[in-house]
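Please read the following note alongside the sequence and the structure. The points are numbered so that each can be checked in turn.

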Amino acid sequence: DPALQEEMLKFQDTFGAGITERFRLIGRIGEGTFSTVYKAEDLLYDHYDNDWDLEEKENPKWASPPMKKRRTGLQRTISDVSQYSQQRRKPRYVAIKKIYVTSSPLRILNEIELLSKLQGCDSVCPLITAFRHTDQVVAVLPYFKHTDFREYFRKMTVKDMQIYFRSLFTALKATHEQGILHRDIKPTNFLYDPAKKRGVLVDFGLAEKEGTDYKPCLCQGGSQRDPERRRRLQNSVAVAMGPSSGYPKNDSRPSRRANRAGTRGFRAPEVLFKCTAQSTKIDIWSAGVMLLTILSKRFPFFNSADDVEAMIEIATIFGVKKMKQCAYLHGAMFETTIPTIGDKGFNLEKIILWSTCRNDGGKGGSEIPLTDEEKMAVRFLERCFELDPNKRISAAEALEHDFLREDLY
Ligand code: ADP
Ligand code: MG
């Protein structure tokens, strides 16, 4: 691809010798909203201890790669040549993440800082190093071979799911123990190799330290007599005009601001309700959406265009009653006149049967019921989908749940 070649040359040019001496760019592996990721060969891999390479290691835990003392060019060359003559070693691959210059310097700093804080955590992709050239920043990570989620998720057995989610929740536990919210848990940010049954969490571009978001929310134990909540509820258009008035057109209530970063379809209800004190539990919800996707064999499972549609999707499953309780918890209200949203919602087992066509829509025909293993997965899913973040399972608890406990498989 000549366009790609040109793009890579341009990238090498910007960084000059610093990058070309050490890395040989091979190709592009990812292109997102915030970055382009290239695969490259690290030509100077003796810069760090050899024990961080995943490929050969039994223990998947990555040791942090301590940099060796800088040596002169000549020393380095001599050492490289002598090492090459001793043995021809397997090339070492890295992923070079070029963060778009449109990202704010603070955002970039945040990502690099959080990644280095998570150094050495099981199932979290470590940072090897980072470079800056004027306004361009690149992060260098070990290359992790993985398969596109869409190629394997339909074929996964419950056992496969247990292994996959054990790995994901191990990464989440380590991340959450550091008080870090990932904020963008979804299949493309969890690189999984079905052959090796191993995964790593990447992309801390939206991650944040817990508690950096200002005002406490009621769901976090705020006062019941919170004046902000009373004011919001009293001003509510729905209260003033009765529940049948539909969607308010001239909404004069003060708008609320909260971090909504993340990906459509994976946002937890507290994010949609603009809770100002979001916790690590938002990642658990997103992991739940991943499990529902796999169990239902539908990707994307939720497919809303905006937050209001996303609430409608969630309300359809969980029912109006629970949705109202959830809204109230965050000092908001949920009203709807949409006839397809019932009071009680549906149980997740039914939803999975419908979406995998194992149930003819309740017409009395044959139904292939869920196996006991699948039912256990659904019990676990229900714990990830608690609408109240305080009741939702934590990553540490998840690893103790029957569905993920190691001794069961
Ligand atoms: P973005 O912020 O642009 O989403 P990511 O960090 O998620 O950036 O990387 C984008 C894509 O690049 C990933 O979905 C994955 O396909 C690929 N990628 C990122 N890091 C690695 C890695 N260490 N090894 C292999 N591929 C990677
Ligand atoms: Mg990403």
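1. In this predicted model, helix α4 (residues 105-117) lies across strands β3, β4 and β5. The helix runs at about 20 degrees to β5.

2. A second helix, α1 (residues 2-15), lies across β1, β2, β3, β4 and β5 (136-142). Its direction is given relative to β1, to which α1 runs at about 120 degrees.

3. The strands named above form an open sheet of five, in the order β1-β2-β3-β5-β4, with antiparallel pairing. Its edge strands are β1 (23-31) and β4 (129-133), each of which pairs on one side only. On average, and with direction ignored, neighbouring strands of this sheet are turned by 25 degrees against each other. As background, strands of a sheet pair through backbone hydrogen bonds, either parallel or antiparallel.

4. One pairing within the sheet may be followed in detail. Strand β2 (residues 35-42) and strand β3 (residues 93-99) run antiparallel and are joined by seven bridges. Within this pairing, Ser 35 stands opposite Ile 99 in β3.

5. Which protein atoms are the donors of the magnesium ion (ligand 2)? They are OD1 of Asn 189 and OD of Asp 203, lying 2.1 to 2.2 Å from the ion. The pair links distant parts of the chain, 14 residues apart: Asn 189 is in the loop between β6 (180-181) and β7 (190-193), and Asp 203 is in the loop between β8 (198-201) and β9 (208-209). Asn 189 has 5% relative accessibility and therefore counts as buried, whereas Asp 203, at 22%, counts as partly exposed.

6. Helix α10 (residues 281-296) permits a simple check of geometry. At 1.5 Å a residue, its 16 residues should span 22 Å, and the end C-alpha atoms are 23 Å apart, which agrees. Is this helix buried or exposed? Of its 16 residues, 16 are buried, so α10 is largely enclosed by the rest of the structure.

7. The backbone that follows α10 deserves attention. Most residues other than glycine have a negative phi, and most peptide bonds are trans. Lys 297, which follows α10, has a positive phi near 55 degrees although it is a residue other than glycine. This lysine lies in the loop between α10 and α11; Lys 297 counts as partly exposed because its relative accessibility is 35%. Pro 300 lies in the loop between α10 and α11 (307-318), and a cis peptide bond joins Phe 299 to Pro 300, with omega about -5 degrees.

8. A positive phi is also found at Cys 357, where the angle is about 55 degrees although the residue is not a glycine. Cys 357 is in the loop between α13 (348-355) and α14 (372-384). Its relative accessibility is 63%, so Cys 357 counts as exposed.

9. Confidence should be considered when the model is read. The mean pLDDT of the chain is 84, and 79% of its residues reach 70 or more. The model scores ipTM 0.99 and pTM 0.86. Where does pLDDT stay under 50? One such stretch is residues 47-73, for which the model has 58 contacts beyond four places in sequence. Another is residues 237-241, with seven contacts beyond four places in sequence.

Notes:
Residues numbered from 1 in each chain as written. Chains lettered and ligands numbered in written order. Predicted model: local features only at pLDDT ≥ 70, side-chain atom pairs only at ≥ 80, totals over all residues. Heavy atoms only, no water. Helix = DSSP H or I, 4+ residues; strand = E, 2+ residues; numbered from the N terminus. Expected span 1.5 Å × (residues − 1). Buried < 20%, exposed > 50% of the residue type's maximum accessible area, 1.4 Å probe, protein only. Donors = N, O, S within 2.8 Å, 3.2 Å for Na, K, Ca; no water. Pairing = 2+ DSSP bridges. Axes fitted to C-alpha atoms, helices over the stretch in contact; angles between N-to-C directions. Contact = heavy atoms within 4.5 Å. pLDDT = per-residue confidence, 0-100.
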